Amino acid sequence: PYTRLHKSLITAQFPLTAMTLYLLPLLYGLLGAFTFVLRSLSIEPQRLTYSSASNTKYRLRIYLGALAGLVVVWFVPVESAPTSTTFLKALTPLALAFLAGYSVEILFAGLDRLVNAFTHTEAEKPSR
């Protein structure tokens, strides 16, 4: 029933799928975080705001960026393709991973709001 070529194709799909779903988003998030850190490092000396605490802050930023790139693709369907002309719908999952790595604050603020929506009672929710 299955030819040798078909078996080889099925065998090759597993690492390709794992790379697409896990490794590439992590690397794109890492790339986004590196981009943010490099951009920030180019601005801080001009403003004379760089300190030794910045090293720790940027190191953590890189780890969070990699994690954010991985997390954001969990919320994007695998078969997502550009089906609309709106900006966010036209972005690929890897582009979203890059953006998440670059702007980890936005991603984690959104996750915090989602968790708070389910964990706080109406009396505890802040009024706006």
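1. Surface patch. In this predicted model, the residues L16, M19, L23 and L27 together make a nonpolar patch on the surface, with an area of about 350 Å². One of these residues, L27, belongs to helix α1. Its relative accessibility is 39%, and L27 therefore counts as partly exposed, since that class lies between the 20% limit for buried residues and the 50% limit for exposed ones.

2. Total surface. The protein exposes about 9,700 Å², and 69% of this area is supplied by carbon and sulfur atoms. Of the 128 residues in the protein, 23% are buried.

3. Overall architecture. The protein has 5 helices and 0 strands. Read from the N terminus, the order of elements is α-α-α-α-α. Among the contacts whose separation is 6 or more, 74% join residues that are 24 or more positions apart.

4. Helix α1, its length and course. Helix α1 covers residues 4-47, which is 44 residues. The distance from its first C-alpha to its last is 63 Å, close to the 64 Å expected at 1.5 Å a residue. The helix nevertheless has a kink of about 40°, and M19 is at the centre of this kink. M19 is also one of the residues of the nonpolar patch. Just after α1 comes L48, which has a positive phi, near 55°.

5. Helix α1, its buried side chains. Which residues of α1 are buried? They are P25, G29, G32, A33, F36, V37, S40 and E44. The cover over these buried residues includes α2 (53-72) and α4 (93-102).

6. Helix α2, its length. Does the span of α2 agree or disagree with the value expected at 1.5 Å a residue? The 20 residues of α2 should span 28 Å, and the end C-alpha atoms are 28 Å apart, so the two values agree.

7. Helix α2, its buried side chains. The buried residues of α2 are S54, Y58, R61, I62, G65, A66, A68, G69, L70, V71 and V72. These buried residues pack against α1, α4 and α5. A student may wish to locate R61 in this list, as the next point returns to that residue.

8. The salt bridge. How many salt bridges does the structure hold? There is 1. R61 forms a salt bridge with E105, and the closest N and O atoms of the two residues are 2.5 Å apart. This pair links distant parts of the chain, for R61 lies in helix α2 and E105 in helix α5 (residues 104-119), with their positions 44 residues apart in the numbering.

9. The setting of the two partners. Why does R61 count as buried? Its relative accessibility is 7%, and residues under 20% are placed in that class. E105 has a relative accessibility of 48% and therefore counts as partly exposed; the exposed class requires a value over 50%. The salt bridge thus joins a buried residue, R61, to a partly exposed one, E105.

Conventions. Residues numbered from 1 in each chain as written. Predicted model: local features only at pLDDT ≥ 70, side-chain atom pairs only at ≥ 80, totals over all residues. Heavy atoms only, no water. Helix = DSSP H or I, 4+ residues; strand = E, 2+ residues; numbered from the N terminus. Expected span 1.5 Å × (residues − 1). Bend = angle between axes of the 7 residues up to and from the residue. Buried < 20%, exposed > 50% of the residue type's maximum accessible area, 1.4 Å probe, protein only. Contact = heavy atoms within 4.5 Å. Areas by Shrake-Rupley, 256 points an atom, 1.4 Å probe, with all protein chains shown as cover. Patch = residues over 30% accessible without salt bridge, like charges linked within 9 Å, V, L, I, M, F, W, Y side chains within 5 Å. Salt bridge = Lys/Arg side-chain N within 4 Å of Asp/Glu carboxyl O.
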